[in-house]
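Trainee: I should like to learn how to read a protein model feature by feature. May we go through one together?

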Amino acid sequence: MSEAKTSENMSTGLARVMERARKDPHGKMLSLSHHIDEAMLRRAFHRIRKDAAVGVDGVTVEEYGQDLEHRLADLHGRMKAMKYRHQPIRRVHIPKGDNKTRPIGVSTTEDKIVQGALRELLETIYEQDFLDCSYGFRPLRSAHDAIKTLSKSIGQGKANFILEADIESFFDSLDRPILREMLEERIDDKSLMRLIGKCLHVGVLDGAEYFTPEEGAAQGSILSPLLGNIYLHHAIDLWYKRDVQPRMRGRSCLVRYADDLLFGFERRDDAERVMEVLGKRLSRYGLRLSQTKTRLLDFRRPSASQQSGKGPSTFDFLGFTHYWRRSRKGSWRLAWKTRKKSRHKTITALQTWCKNNRHLSIPEQHAALTRRIRGHFNYFGVNDNQKSLSMFLHKVKRTWIRWLRRRSQRTRMTWKRFDRMLREMPLPKVKVYKNLWAAP
């Protein structure tokens, strides 16, 4: 957590908590819950997206904000008197491909505020503990930072062999008693632990069915990603640093983005040894490796004498396919392209949007599509990925004209007319925003 973040967004009391946590990495933090005041709750409210989905009470962020100060004072009073109760989570199912869905929990606006305040307080402590190999859902760290670190390790020869590890249903499998023990290593405040427990032990409303899960943390909760990081910090990160890395014969690395794990090894025998014990390590924490998605692959740079063909293998990580390609000078270098599954998922979502919103005016459709295209380019607009971006943009255009043609039976949208319209209202152009290649 940078000094800039501390000075701009952190109260004096939290700054003291952060300094104490930094100076005493093994000490317990006492008397923390009083830091959750109305100012912290207000900051948590303003971090919630204005268009965030509503929970079981149906109260939107805008409606909650209409009488914000009174609502926050009432919420803070109930929290101090220990009368606050977390309302049930509304479960929705998001398509994730392969005819499967991802269950997402939607909390009420008030519960999101409490979760956001808890995250701010816990982040102040645990950002001093987390290791550099962890990137997901952390301040001033991104998926691109994780990929650049991996790129550097590959260039240095630390990741000749890649171990992709996939944890089955991580958030649903998280063991709550073990998580509590982890938290109690750093936190000695019963009021705060009780409040965290209320956010974990909460009922779920799935359609007309109501139930209370005995394990796991709801995906979609503001607090869950941080709790997941704490869990895997103990289960994976510390284990790798203290027990695995010192025993390796060659160099190695770990890059973790939430529950996406990638181990890199200079030597194959080191990789095989870790692959053999990784499942046993995770089972101690109630977690399981996916046997179909966990694999060890050879990712050594092709020899300079290889004039054609491809590298030994490819792998997917954080939405990108990583592979070796020839540079213009003839040498082999690491490259990235949009993962096919990621591109297909985005295109499918855009097709659904165009179909459901074809009644909007063309300027409104253009503005919405521009935002979505720009968001896609901001993430996937990296070096070597121009071809995938061009394919994506072409698909968007074909999708849009298809649904514009179905708006009316009288005035047909021809490609000539469509091109003329795009000259007046252009869509974003393919552009490289980020360079993921990191020199060794």
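Mentor: Let us begin with helix H11. This helix is mostly covered, with 18 of its 21 residues buried. Please keep in mind that the model is predicted.

Trainee: Where is the kink in helix H11 centred?

Mentor: A kink is read as a bend between the helix axis before a residue and the axis after that residue. In H11, which spans residues 224-244, the kink is centred on His-233 and amounts to about 50 degrees.

Trainee: How many helices and strands does the protein contain?

Mentor: The protein has 16 helices and 13 strands. Its radius of gyration is 24 Å, close to the 22 Å that the globule rule gives for 440 residues, so the protein is as compact as a globular protein of that length. Along the principal axes, the C-alpha atoms fill a box of roughly 65 × 65 × 45 Å.

Trainee: What share of the residues counts as buried?

Mentor: Of the 440 residues, 48% count as buried. The accessible surface comes to about 22900 Å², and carbon and sulfur atoms contribute 48% of that surface.

Trainee: What do the contacts tell us about separation along the chain?

Mentor: One takes the contacts with a sequence separation of 6 or more and asks what part joins residues 24 or more positions apart; in this protein that part is 70%.

Trainee: How far apart are the mean positions of the positive and negative charges?

Mentor: There are 85 positive and 51 negative charges, and their mean positions lie 10 Å apart.

Trainee: Let us turn to backbone angles. Which residues other than glycine have a positive phi?

Mentor: Two cases may be discussed here. Met-82 is not a glycine, yet its phi is positive, at about 60 degrees. Ala-258 likewise has a positive phi, near 55 degrees.

Trainee: Where do Met-82 and Ala-258 lie?

Mentor: Met-82 belongs to the loop between helix H5 (68-80) and strand S2 (89-97). Ala-258 is in the loop between strand S8 (252-257) and strand S9 (260-265).

Trainee: Is Ala-258 buried or exposed?

Mentor: The cut-off for buried is under 20% relative accessible area. Ala-258 has a relative accessibility of 10%, and therefore counts as buried. Met-82, at 44%, counts as partly exposed.

Trainee: Which residues does Pro-88 touch?

Mentor: Pro-88 also lies in the loop between H5 and S2. When residues up to four places away in sequence are not counted, Pro-88 touches Val-56, Val-202, Gly-203 and Tyr-210. Its relative accessibility is 26%, so Pro-88 counts as partly exposed. The C-alpha atoms of Pro-88 and Ala-117 are separated by 19 Å, with their positions 29 residues apart along the chain.

Trainee: How should I read Gly-264 in the same manner?

Mentor: Gly-264 is found in strand S9. Its relative accessible area is 0%, so Gly-264 is buried. Leaving aside neighbours within four places in sequence, Gly-264 is in contact with Lys-158, Ala-159, Phe-161, Ile-162, Arg-251, Ser-252 and Cys-253. From Gly-264 to Gln-128 the C-alpha distance is 25 Å, and these two residues are 136 residues apart in sequence.

Trainee: Why does Lys-341 count as partly exposed, and why does Lys-340 count as exposed?

Mentor: Exposed means over 50% relative accessible area, and partly exposed lies between that value and the cut-off for buried. Lys-340 has a relative accessibility of 64% and therefore counts as exposed. Lys-341 has 36% and therefore counts as partly exposed. Lys-341 lies in helix H13, residues 340-356, and Lys-340 is also placed in that helix.

Trainee: How far apart in space are Lys-341 and Met-10?

Mentor: Their C-alpha atoms are 40 Å apart, and the two residues are 331 residues apart in sequence. For Lys-340 and Pro-139, 201 residues apart along the chain, the C-alpha separation is 29 Å.

Terms used: Residues are numbered from 1 along each chain as its sequence is written. This is a predicted model: local features need pLDDT of at least 70, side-chain atom pairs count only at pLDDT 80 or more; totals for chains, interfaces and linings use all residues. Side-chain values use heavy atoms; hydrogens and water are left out. The bend at a residue is the angle between axes fitted to the seven residues ending there and the seven starting there. Helices (H or I, at least four residues) and strands (E, at least two) are DSSP runs, numbered from the N terminus. Buried means under 20% relative accessible area, exposed over 50%, partly exposed in between (1.4 Å probe, protein chains only). The radius of gyration is taken over C-alpha atoms; the globule rule is 2.2 Å times the number of residues to the power 0.38. Contact means heavy atoms within 4.5 Å. Accessible areas come from the Shrake-Rupley method with a 1.4 Å probe; for residues, only the protein chains shown count as cover. Lys and Arg count as positive and Asp and Glu as negative; His and the chain ends are not counted. The place of a charge is taken as NZ of Lys, CZ of Arg, CG of Asp or CD of Glu.
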